[in-house]
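Please work through the exercises below with the sequence and the model open side by side. Try each task before reading its solution.

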Amino acid sequence: MTASLSAALRVMPDPLPDPSPCSGPVCGPDATAPQRLARGLDAVRHGVLLVDPDGRVAHGSAPALALLRRSGLSGAPTVRRLLRLARAGTGLGAWEIVARLRGPLGLDVALDGHRVQVEMHSVPGEGVALVLEDVSARRAAESRAHDLARLDPLTGLPNRLKLREHLDAALARLEHNAEGCAVLLVDLDRFKPVNDTLGHPVGDALLQKVADRLRAMVRAGDTVARIGGDEFVVLQAGVSTPGEAQALARRVVDLVGRTYMIEGQLLSIGASVGVALAPADGQDADRLLKNADLALYRAKLDGRSTFRFFEPAMDARMQARRRLELDMRQALARREFELHYQPQLNLADERLVGCEALIRWRHPERGLVSPLDFIPLAEEIGLIVPIGEWVIRQACRDAAGWPQPLAVAVNVSPAQFKSDRLVETIVSALANTGLPAARLEIEITEGVLLQDNEKTLHTLHRLRDLGVRVSMDDFGTGYSSLSYLRAFPFDKIKIDRSFVADMEAKADGEAIIRAIAGLGRSLGMTTVAEGVETAEQLRRIRAEGCTDVQGYLISKPLASDDLLRLLGAPDAPFSGARA
Ligand code: C2E
Ligand code: MG
Ligand code: MG
């Protein structure tokens, strides 16, 4: 082996001479050209050792000798001593050491508290030069940077990068022992409002306290990481039954959800948790995190401040949702949306007063899609803003062609109120189509008033000042419908169709309709009963004093052309209303 080692080094005879202090001609007083070269080497910052073709250290530059002394070499450098140092400082065998030296990366040797990087260059005719560099400071800085890059500066917790390493390590251990692990993805509920209203210093302090609580909750082998603004991960090690993860998830929801005291203020937030188990829910980090995220999404849908375990069906649902989202993003450009119109009838004079615009999506494969199946998603991903703008413009365009004074009612989502563009959109739609503002009505639900109330009310007043009318839709289905009636002078209350449907079945159904109709009368608001399907319902509604009705009995929502035909017909089929 030594023979091939020597061949590999091309400069080491067998046996290695020892000791061979630096005794070659370059060290002597009669310097020749190579000797002058060698002296020049002393001036180079890196240490250089020249090993001659006979395997003797022919020259050691001053920095090289100083570095070797610092690193614990006693006596003159010989190949054998150097090799011994290298073996001690790398734990490698002689062969491997030579192989590394010949390789592009060189050799990294830990010597007595120092780290020395060694590279070997062959010097034709002269043997080889070993270039030594003390990289201790650089390595220390690199290691600090390595650590810093893996820590969240705010909480001192591992960040996503380090979590990844821990997770990979835990998953690698899975193969050797029977124990699994659990990934708990924790998302704070109501953190954003705290951050927005009380300021970032308070938000930061809150995050630090959450981190403390999470840290205090886990065992030694577990990892708590912060992977986003208000997103944390607990990697629970050594999990052999889902019950263990469930117990921890429950504690996270409970303890993170308890009140915090920050700068003299009591703050309350919540935690939603999605749990994925390894190996059952995935055996690689990406899949586990993704599945924990799906479970988290479910936990949020189910009302937040709770935990959910991943189930394969969640993935299927999410994929269906993603397909719907992709399709919906293209639907506007492809002109796949259309508006249908449902007439509203005034009961006093039995005349049509207006129509509600109801969106439909004519999907190339799914057929005609109900708004109930895509509006919620459009609201969630913000697509409702451009879709809603299209609805407003199209509804105004269509209504401008209807006989006066027929009005058009357009449903407006909370997200459209948030976007600031609503008033401008309406102003320009009215201007472009010539529809008088008084013939446009917007329908809002409680959801609109639940958010940023002051700004919303300001927007509503601006619309009212334009002459646009405002209706409260689905009245009675929310939590505090009554208080909203006091917040803004609505023109119209639309009684949710669930009350109309209940009228015959439940005793209180009719009482509720009577109460709302009375409320509308005393507040000077029109009351429309929605979802009137039978002549009996119509009779009772009329008796209770509602002013208008809308429902299948009068007409189903109609495509624009069908509505125009109906409006033009000499004897419009409203027999149900007249009955
Ligand atoms: P909504 O505003 O309460 O609209 C009334 C819904 O009741 C419509 O369902 C209508 O077709 C249905 N309906 C009317 N009469 C009857 C009846 O006699 N019986 C029964 N069973 N149902 C009746 P649609 O068109 O499926 O709309 C559902 C919801 O989707 C709407 O509820 C509204 O909240 C939303 N929506 C529809 N179009 C738009 C839109 O352009 N923008 C926004 N943001 N939301 C829309
Ligand atoms: Mg409506
Ligand atoms: Mg409604």
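The exercises that follow concern a predicted model and treat its ligand and metal sites in turn.

**Exercise 1. Describe the surroundings of ligand 1, stating where it sits and which residues and elements form its shell.**

Solution. Begin with the location: ligand 1 sits in the largest pocket. Next, collect the residues with a heavy atom within 4 Å of the ligand; there are 22 of them around ligand 1, and the closest are Ser413, Asp473, Arg497, Glu533 and Tyr552. Sorting this shell by class then gives eight nonpolar, six polar and eight charged residues. Finally, assign the shell to secondary structure: strand 14 (351-363), helix 13 (371-380) and strand 18 (469-475) each supply at least two residues, and the largest share, four residues, comes from strand 14.

**Exercise 2. Find the polar side-chain atoms of Asp473, Asp474 and Glu533 that approach ligand 1, and state how much of the ligand is covered.**

Solution. Take the two aspartates as a first step: an N or O atom in the side chain of aspartate 473 is 2.8 Å from an oxygen atom of ligand 1, while a polar side-chain atom of aspartate 474 lies 3.0 Å from an oxygen atom of the ligand. Then turn to glutamate 533, where a polar side-chain atom lies 2.5 Å from a nitrogen atom of ligand 1. As for cover, ligand 1 on its own has 790 Å² of accessible area, of which the protein covers 87%.

**Exercise 3. Identify the protein donors of the magnesium ion (ligand 2), and follow them along the chain.**

Solution. List the donors, which are Glu356 (OE), Asn411 (OD1), Glu443 (OE) and Asp473 (OD), at 2.0 to 2.2 Å from the ion. Placed in sequence order, these donors show the spacing E-x54-N-x31-E-x29-D. Two of them illustrate how distant parts of the chain are linked, since glutamate 443 belongs to strand 17 (residues 440-444) and aspartate 473 to strand 18, 30 residues apart.

**Exercise 4. Work out how the magnesium ion (ligand 3) is coordinated, and which residue bridges it to the magnesium ion (ligand 2).**

Solution. Start from the coordinating atoms: Asp473 (OD), Asp474 (OD) and two entries for Glu530 (OE) coordinate the magnesium ion (ligand 3), at 2.1 to 2.5 Å. In sequence, the donor residues are spaced D-D-x55-E. To find the bridge, compare the donors of the two ions; aspartate 473 appears for ligand 3 and also for ligand 2. Aspartate 473 is thus the bridging residue, and the two magnesium ions lie 3.9 Å apart.

Technical notes. Residues are numbered from 1 along each chain as its sequence is written. Chains are lettered from A and ligands numbered from 1 in the order in which they are written. This is a predicted model: local features need pLDDT of at least 70, side-chain atom pairs count only at pLDDT 80 or more; totals for chains, interfaces and linings use all residues. Side-chain values use heavy atoms; hydrogens and water are left out. A polar contact is a pair of N or O atoms within 3.5 Å; within protein, one must be able to donate a hydrogen and the other to accept it, and residues adjacent in sequence count only if both atoms are side-chain atoms. Accessible areas come from the Shrake-Rupley method with a 1.4 Å probe; for residues, only the protein chains shown count as cover. On a 1 Å grid over the protein atoms alone, a cavity is a set of points where a 1.4 Å probe fits but cannot get out, and a pocket is an open set with protein on both sides within 12 Å along at least five of seven lines; lining residues have an atom within 4 Å of a point. A molecule sits in a cavity or pocket if more than half of its atoms lie within 2 Å of its grid points. Ala, Val, Leu, Ile, Met, Phe, Trp, Tyr, Cys and Pro count as nonpolar, Asp, Glu, Lys and Arg as charged, and the others, Gly among them, as polar. Donors are N, O and S atoms within 2.8 Å of the metal (3.2 Å for Na, K and Ca); water is not among the atoms, so sites may look incomplete.
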